[in-house]
Amino acid sequence: MGEAKRRKQTGAPPPRKTTSRKPLVIGVSVLVLAAIVIGAFFLTAAPKPTSDDLPVAAPGADAFPAQLDQYGVSVGADDAPVVVREFADYQCPACGLFAEASKRLKQEYVEAGKVRFVYFDLPLQQHQNALPAAQAARCAGDQGAYWEMHERLFDSQSEWSGSNDPVATFTRYGNDLGLEERRFRRCMTTELHREAVEESRRVAVQLRVTSTPTVLVDNIRLTRPGWGQLSALVERELSAASE
């Protein structure tokens, strides 16, 4: 007996048509992708250095207390006209995104003597591997490879952030950078630089910095940490310094 004839005789309702969810999933995916692209544009698109949309220092704001820079790790000329400071956590995803901007800053401004860059460790309590990562960078620094390890940690953030043995992973990175393994591992296992990292964190507390990344161009805080706003603000401050 045919299916249609059987339904007519028994009074059974026709089978419900199933609606495919595939178009909905595709639509949502497209919207999410569009949001990511738009967000990336606003973070990276550079406004003009004269734009009124750029942040400014609060009225009567004091200069950044330069004596605190000793608790961060700096690169660049001591007499550079502009100083960029970043408070960050190696395990923070937003800090990982900003790392490309800070890398470009070093290439285009620090190496040219126009900017000094200071990185302050601010490992957040909710990130279990942020503290050992900060120590790994400083242990690499003992062998002249601080910034190389700094960039490797951010580039490979997703690999080690959930690791139960981050020291092993960081040691492998050190080997890739040509570091002496025994010295690096001893530095990590004895937590040689833990106090230095904690001192850096205390600077953040003193300045009431609670989120990462917090980026300052001289004493002006970025409202949208990314290359667009960072480069425009640096250009504006360089122009002001030359007047």
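This is a short tour of a predicted model, one selection at a time.

**Start with the whole chain.** Show the protein as a cartoon and you will find 10 helices and five strands. There are 243 residues here, and 42% of them count as buried. Now think about which parts of the chain touch: among contacts with a separation of 6 or more, 78% are between residues 24 or more positions apart.

**Colour by confidence.** The mean pLDDT of the protein is 88, with 80% of its residues at 70 or more. Next, select residues 34–44. Here pLDDT stays under 50, and the model has nine contacts beyond four places in sequence for this stretch. Where pLDDT is low, the predicted coordinates should not be read in detail.

**Select helix α8, residues 181–189.** Which residues of α8 are buried? They are F184, C187 and M188. Turn the view until you look down the axis of α8: the buried residues fall within an arc of 95°, so they line one face of the helix. Swing round to the other side of α8, where R182 and T189 are exposed.

**Add the neighbours of α8.** What do the buried residues of α8 pack against? Select α4 (130–141), α5 (146–155) and α7 (166–176) to see their partners.

**Keep α7 and α8 on screen.** Two packed helices are described by the angle between their axes and the distance between the axes. For α7 and α8, the angle is about 145° and the axes are 10 Å apart. The crossing of α7 past α8 is right-handed. To see the contact itself, show side chains for V167, F170, T171 and N175 on α7, together with E181, F184, R185 and M188 on α8. Sorted by class, this contact has four nonpolar, two polar and two charged residues. You have already met F184 and M188 as buried residues of α8, and here they take part in the contact with α7.

**Step just past the end of α8.** Click on E191, just after the helix, and check its backbone: phi is positive, at about 50°.

**Finish at A66.** Look in the loop between α2 (22–44) and β1 (73–75) to find A66. Is A66 buried or partly exposed? Its relative accessible area is 43%, and buried would need under 20%, so A66 is partly exposed. For a last selection, add D218. A66 and D218 are 152 residues apart in sequence, while their C-alpha atoms are 9.6 Å apart in space.

Notes:
Residues numbered from 1 in each chain as written. Heavy atoms only, no water. Buried < 20%, exposed > 50% of the residue type's maximum accessible area, 1.4 Å probe, protein only. Helix = DSSP H or I, 4+ residues; strand = E, 2+ residues; numbered from the N terminus. Arc of directions from axis to C-beta. Contact = heavy atoms within 4.5 Å. pLDDT = per-residue confidence, 0-100. Axes fitted to C-alpha atoms, helices over the stretch in contact; angles between N-to-C directions. Left-handed = near helix turned anticlockwise from the far one by under 90°. Nonpolar A, V, L, I, M, F, W, Y, C, P; charged D, E, K, R; others polar.
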